[in-house]
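Colleague: I am new to reading protein models. Can you take me through this one, feature by feature?

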Amino acid sequence: MTITAVIAVKGRTPLLKQTIRRLFGRNMVQNVVCVGDKGLDQAVCESLGCQYVVHPNFPLGLKWNAGFAFAGREIDPDAFLFVGSSDWISDNWTRTAGGYLQHADMAGKTDMHLVDVGKPLEYGQANDIRACYWPGYTDNERKGETIGLGRMIGRDMMRKMKYKPFNEHQNASLDYAMYNHILSHSGKIVSITDDSMRSVSPDRSK
């Protein structure tokens, strides 16, 4: 299976570098398409082997769609991986989620971890690190919905959506918009509960 990851980028350079290196080195991703402004982001992404789409940052839906459209038009992979610039997934993620795409249009996990790396509490001490686990949507109408991080979408569904999984005028609730857009195209979605697949979204306090 050929996999292309699409990332909307804006700053966060140290984390972005690690995210891209993990995708190529540990997640069996053949291509990474980054979307963002000209300048440092573009230079960093291209230096790490990514293809880069120059696009305004807002609306975010339009920005993300530009990346997916480029990936579909220029690369045409079997599957598209949706990740943010600081989203890290376990080594087995694409292999396991990709397996579900043999019988589904999108597959993703229902939970995730969050890690915040702050400044050292005092000079010479280790960084202040806080971590938490989010079980996902468990008690409302979105119960069982896949989180956005790490969603994999098959080629046929992306073609049905004309490589536009998002509302182009939207700046928020993009995960929910993608989910409903796939359902509106009669897509089959698998919510994975396999504990061997793990994800984390780290952040560094300024």
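Colleague: What order do the strands of the open sheet have, and how do I read it?

Modeller: Strands of a sheet pair through backbone hydrogen bonds, either parallel or antiparallel. In this predicted model, an open sheet of 7 strands runs S3-S2-S1-S4-S9-S6-S10, with mixed pairing. Strands (E, at least two residues) and helices (H or I, at least four) are DSSP runs, numbered from the N terminus. Two strands pair if DSSP finds at least two bridges between them.

Colleague: Which are the edge strands?

Modeller: S3 (51-54) and S10 (189-192) are the edge strands, and each pairs on one side only. From one strand to the next, the twist averages 20 degrees. Angles run from 0 to 180 degrees between N-to-C directions, with axes as lines fitted to C-alpha atoms.

Colleague: In what sense do S2 and S3 pair?

Modeller: S2 (residues 31-36) pairs with S3 in the parallel sense, over 4 bridges. Cys34 stands opposite Tyr52 in S3.

Colleague: Next, salt bridges. How many are there?

Modeller: Side chains of opposite charge can pair when their charged atoms come close. The cut-off is a side-chain nitrogen of Lys or Arg within 4 Å of a carboxyl oxygen of Asp or Glu. A search of the whole structure finds 10 salt bridges. Asp76, Asp78, Arg155 and Arg159 are linked in a network of them.

Colleague: Take Glu145 and Arg151: is Glu145 buried or exposed?

Modeller: Buried means under 20% relative accessible area, exposed over 50%, and partly exposed in between (1.4 Å probe, protein chains only). Glu145 is at 3%, so it counts as buried. Arg151 is buried too, at 0%. Their closest N and O atoms are 3.6 Å apart in a salt bridge.

Colleague: And Glu74 with Arg73?

Modeller: That salt bridge has its closest N and O atoms 3.3 Å apart. Glu74 is at 48%, so it counts as partly exposed. Arg73 is exposed, at 57%.

Colleague: Which residues lie nearest the centre of the largest pocket?

Modeller: Trp64, Phe82, Gly84, Ser85 and Asp87 do, among 24 lining residues. A pocket is an open set of points on a 1 Å grid, where a 1.4 Å probe fits, with protein on both sides within 12 Å along at least five of seven lines; lining residues have an atom within 4 Å of a point. H3 gives the most to the lining, with 3 residues.

Colleague: Any caveats on the numbers?

Modeller: Residues count from 1 along each chain as its sequence is written, and side-chain values use heavy atoms, without hydrogens or water. Local features need pLDDT of at least 70 and side-chain atom pairs 80 or more, while totals for chains, interfaces and linings use all residues.
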